[in-house]
Amino acid sequence: MGFKQEKFKKLIEHKSGYTWGKEQELDKPEQGTVRVLTVTNIQEKLDLSSKLYLKDVKDRDRKEKSVSKDWTIAVSSNGNRKRIGNAIFISDDTDYLFASFLTAFKPKQDADITPEYFFQWFSSHVVQERITSVSEGTTGLGNLDIRYLRNMDIEYPDNEVEQKAIATILSKVDEAIKATENSIKAAEKLKKSLMQNLLTGKLKPDGTWRKEDEFYKHDKFGNCPVSWHWGRLSEIADIVAGQSPSGEFYNEDGIGTPMLNGPTEFTDLHPIPVQFTTKVTKLCQIGDILFTVRGSSTGRMNIADQEYCIGRGIAAIRAKEGSDIDFIYYTLVTISEKILAEAKGAGTTFPNVSRGELLKKWVLIPDTDQSEISSKIKSLDAFLKEKQKKVFTIQRLKKSLMQNLLTGKVRVDLSKIENILNEI
């Protein structure tokens, strides 16, 4: 068995979508209406949560502008060029009318390439990058270059069995990614509920619910657990405000210190340092909460993974003796959106929160061990990080498989791939 190479236009047919007027649109079905797929429906898979129905669609258009099983539908026009070429595969027998900003593809009747293999080829990183790089721009929109696409070469096995095996492998990888992402969503939902109930005292750290007689009525905030009280953030935390980032920063020993100066230097997992060397006056400690106090990301937080000199865009929040930094972190997470809303409401061009304003924030404080509460949430955070790491690992595996299987550098061994997935 070998690999073949043919022009796209010799193997694949394509058709454009349907154009309609605003007066045809309905948000719910009525007699004689037809559902239409738009760019919003084309995500990692077909997303049917967004619904649009059209009336007065001619029978000819219903036939010519619809697709069903074995068709690939791709975004062909969008303001975000990276969306050009994003595609889904139709695997059921449903007929889908689709919009003019989409284009549909399918192997020709006499082509020796399977629809499933073609979809995986089209969705590969190499092909998607090429589509994005040559997308044409008009009136702010990027457009799929059909002429370029039709002249691309497609590499594929000359054996249909191997084509189907490759498509099956890549589909299994997609399923593993989706299953892990679903577990992440479920854990995030559980975490949100857990935080809400643990941090308000409704749920005890041992997993039991507080009874009605275990609460008292607070004059300002309503129900409050017995032995808990409302206090200012200053009661449990100190704050180190940042300094202006001019020059390079160094410590007492003359050693350069990484500088953090704002929300753009944060990633989802850890802050990224920039190197300076003027004497450090504002230094955070490992474990401090780095809280963004200026700009559109006001309220965004990270935990310091090393000592940093902090710029004016950041405040370092530190637990006072007897308080738990993780408890403070999760408490701040629950009020960060409110903090941002209040900052925006102040009418300034860029939202900002002063050190004094932060210290005055009201928080619910247990008079028992705060770490008993935070540890329950932290265990879920650890689970989420592991799952996120797993998704990243499988995505890297998929990219490698696409680069190798779709070019014939590695031949199919389905059992080996399944073993790899089971070990992740």
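**Stop 1: Asp56**

Select Asp56. It counts as exposed, because its relative accessibility is 62% and exposed means over 50%. This is a predicted model, so treat every stop as part of a prediction. Asp56 sits in the loop between strand S5 (53-54) and helix H2 (59-64). Check its backbone: phi is positive, about 60°, although Asp56 is not a glycine.

**Stop 2: Asp70**

Go on to Asp70. Here you are in the loop between strand S6 (66-67) and strand S7 (72-75). Asp70 is not a glycine, yet it has a positive phi of about 80°.

**Stop 3: the whole chain**

Zoom out and show the chain as a cartoon. How many helices and strands are there in the chain? The chain has 10 helices and 25 strands. It has 424 residues, and 42% of them count as buried.

Turn on the surface. The accessible surface of the chain comes to about 23000 Å². Carbon and sulfur atoms hold 48% of that area.

Now think about contacts. Take those in the chain with a separation of 6 or more: 74% of them link residues 24 or more positions apart.

**Stop 4: helix H3**

Select residues 115-123, which form helix H3. Is this helix mostly covered or mostly open? H3 is mostly covered, with seven of its nine residues buried. Colour the buried ones: Pro115, Tyr117, Phe118, Phe119, Gln120, Trp121 and Phe122.

**Stop 5: H3 against H4**

Keep H3 and add helix H4, residues 125-133. Their axes are 5 Å apart, and the packing angle is about 60°. That angle makes H3 oblique to H4. Show the side chains at the contact. From H3, pick Trp121, Phe122 and Ser123. From H4, pick His125, Val127, Gln128 and Ile131.

Look back at the list of buried residues: Trp121 and Phe122 are on it, and both take part in this contact with H4.

**Stop 6: H3 against H6**

Hide H4 and bring in helix H6, residues 160-198. The axes of H3 and H6 come within 8 Å and cross at roughly 55°. H3 is therefore oblique to H6. On the H3 side, the contact is made by Glu116, Tyr117 and Gln120. On the H6 side, select Gln163, Ile166, Ala167, Leu170, Ser171 and Asp174. What is the handedness of the H3 and H6 crossing? The crossing is left-handed.

Pause on the spacing along a helix. An α-helix has 3.6 residues a turn, so residues three or four places apart point the same way. Keep that in mind as you look along H6.

**Stop 7: H6 against H9**

Stay on H6 and add helix H9, residues 370-405. The two axes come within 9 Å and cross at roughly 165°. Angles over 145 degrees count as roughly antiparallel, so H6 is roughly antiparallel to H9. This crossing of H6 and H9 is left-handed.

**Stop 8: Pro366**

Select Pro366. It lies in strand S25, residues 362-366. Is Pro366 buried or exposed? Pro366 is buried, because its relative accessible area is 3% and buried means under 20%.

Which residues does Pro366 touch? Leaving out residues up to four places away in sequence, Pro366 touches Ser227, Trp228, Phe327 and Ile373. Then select Trp230. The C-alpha atoms of Pro366 and Trp230 are separated by 8.7 Å, although the two residues are 136 apart along the chain.

**Stop 9: helix H7**

Select helix H7, residues 325-345. Two of its residues make a contrast. Ser336 lies in H7 and is buried, with a relative accessible area of 13%. Lys338 also lies in H7, but Lys338 is exposed, at 55%.

Follow Ser336 outward. Apart from residues up to four places away in sequence, Ser336 touches Gly299 and Met301. Draw a C-alpha line from Ser336 to Arg300: it spans 7.2 Å, with their positions 36 residues apart in sequence.

Now draw one from Lys338 to Gly299. Their C-alpha atoms are separated by 8.7 Å, and the residues are 39 apart along the chain.

**Stop 10: two cysteines**

Finish with Cys224 and Cys284. Cys224 counts as buried, because its relative accessibility is 0%. Cys284 counts as buried too, at 0% relative accessibility. How many disulfides does the count come to? A disulfide needs a pair of cysteine sulfur atoms within 2.5 Å, and by this rule the count is zero.

Terms used. Residues are numbered from 1 along each chain as its sequence is written. This is a predicted model: local features need pLDDT of at least 70, side-chain atom pairs count only at pLDDT 80 or more; totals for chains, interfaces and linings use all residues. Side-chain values use heavy atoms; hydrogens and water are left out. Buried means under 20% relative accessible area, exposed over 50%, partly exposed in between (1.4 Å probe, protein chains only). Helices (H or I, at least four residues) and strands (E, at least two) are DSSP runs, numbered from the N terminus. Contact means heavy atoms within 4.5 Å. Accessible areas come from the Shrake-Rupley method with a 1.4 Å probe; for residues, only the protein chains shown count as cover. Axes are lines fitted to C-alpha atoms, for helices over the stretch in contact, and angles run from 0 to 180 degrees between N-to-C directions. Angles under 35 degrees count as roughly parallel, over 145 as roughly antiparallel, 65 to 115 as roughly perpendicular and the rest as oblique. A crossing is left-handed if the near helix is turned anticlockwise from the far one by less than a right angle, and right-handed if clockwise.
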